[in-house]
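Subject: Structure for you to look over

Dear colleague,

I am handing over the structure we spoke about, and my notes on it follow below. Please keep it open while you read, since the notes go from one element to the next.

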Amino acid sequence: MTTVLLPSVIRLAPPRPATAALRYRPESAGKARRLVREKLIEWDLDDLFDAGQLIVSELVSNAIGTGCLTAMLVAIRRPAESYVRILVRDGSRTLPVLVEAGADEECHRGLALVHALTGGRWGVTLEPFGKTVHADLRIQPIASRNS
């Protein structure tokens with residue numbers, strides 16, 4: 001009788017998300033960038049640092065601009081192996097608008113950057129007392145990241 005050993009399947013725990021409650025202050029953008037950076041390091045996704053930090057900065061800046069006084073929530077999740085989701089929840093039900101900024105305008109470029117960095121994979125969920133804006137960053141397959 002021959003014994004055949006089959007390779008075992010190792011099931012890893014799903015990546016743990018991170019969430020932070022932040023104040024509506026400019027220094028919260030730095031705290032949000034650190035949160036995103038730490039999770040991307042933990043998940044070995046160094047190639048997403050720049051885009052992830054820029055996206056969360058833009059979304060937090062938009063939330064700060066709403067003038068809300070409730071807690072702003074910033075989160076990073078990995079709902080699937082193929083993408084990372086960055087979320088910012090604020091207390092305003094005013095929807096963000098993607099506008100084309102003129103060449104001489106100093107503002108209105110944030111969502112255009114988010115749109116470009118995510119390939120258009122961002123959106124808004126209205127909630128009873130605010131909204132959550134999310135942006136999805138695609139994860140390159142490991143073979144592509146190592147080359």
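Before anything else, please bear in mind that this is a predicted model, and that the notes below should be read in that light.

I begin with Ser 57, whose side chain makes a polar contact with the side chain of Arg 33 at 2.8 Å, and also reaches the backbone oxygen of Gln 53 at 2.9 Å. Ser 57 belongs to helix 2, which spans residues 49-64. Is Ser 57 buried or exposed? Its relative accessibility is 12%, and because buried means under 20%, Ser 57 counts as buried.

Helix 2 appears again at the largest pocket, where it gives the most to the lining, with four residues. That pocket holds about 210 Å³ of space and has 16 lining residues, among which Asn 62, Thr 66, Thr 94, Pro 96 and Lys 131 lie nearest its centre. At least two residues of the lining come from each of helix 2, strand 3 (83-90) and strand 5.

Turning to helix 3, which covers residues 110-118, the buried residues there are Gly 110, Leu 111, Val 114 and Thr 118. They lie on the same side of helix 3, because the arc they cover around the axis is only 95°. As background, an α-helix has 3.6 residues a turn, so residues three or four places apart point the same way. What covers the buried residues of helix 3 includes helix 2, strand 4 (122-127) and strand 5 (130-138). Just after helix 3 comes Gly 119, which takes a positive phi of about 65°.

Strand 5 deserves a paragraph of its own. Eight of its nine residues are buried, so strand 5 is largely enclosed by the rest of the structure. With strand 3 it runs antiparallel, and eight bridges join the two; within this pairing, Ile 86 has Ala 135 of strand 5 as its bridge partner. Strand 4 also pairs with strand 5 in the antiparallel sense, here over six bridges, with Thr 125 standing opposite Thr 132 of strand 5. Strand 4 and strand 5 form a hairpin, and two residues lie between them.

One residue of strand 5 that you may wish to look at is His 134, which is buried, with a relative accessible area of 16%. Which residues is His 134 in contact with, once its neighbours within four places in sequence are left aside? They are Arg 85, Ile 86, Leu 87, Trp 122, Gly 123 and Val 124.

Finally, there is strand 1, residues 18-22, along which the side chains alternate: Ala 18, Ala 20 and Leu 22 point to one face and are buried, whereas Thr 19 and Ala 21 point to the other face and are not buried. In a regular strand, alternation of the side chains between the two faces of the sheet is the general pattern. Strand 1 is joined by five bridges to strand 2 (residues 72-80), and the two run antiparallel. In this pair, Leu 22 stands opposite Met 72 of strand 2.

With best wishes

Note on methods: Residues numbered from 1 in each chain as written. Predicted model: local features only at pLDDT ≥ 70, side-chain atom pairs only at ≥ 80, totals over all residues. Heavy atoms only, no water. Buried < 20%, exposed > 50% of the residue type's maximum accessible area, 1.4 Å probe, protein only. Pairing = 2+ DSSP bridges. Polar contact = N/O pair within 3.5 Å; in protein donor to acceptor, adjacent residues only side chain to side chain. Arc of directions from axis to C-beta. Contact = heavy atoms within 4.5 Å. 1 Å grid on protein atoms, 1.4 Å probe; cavity = no way out; pocket = protein on both sides within 12 Å on 5 of 7 lines; lining within 4 Å. Points joined across faces, edges and corners; volume = space filled by probe spheres on them.
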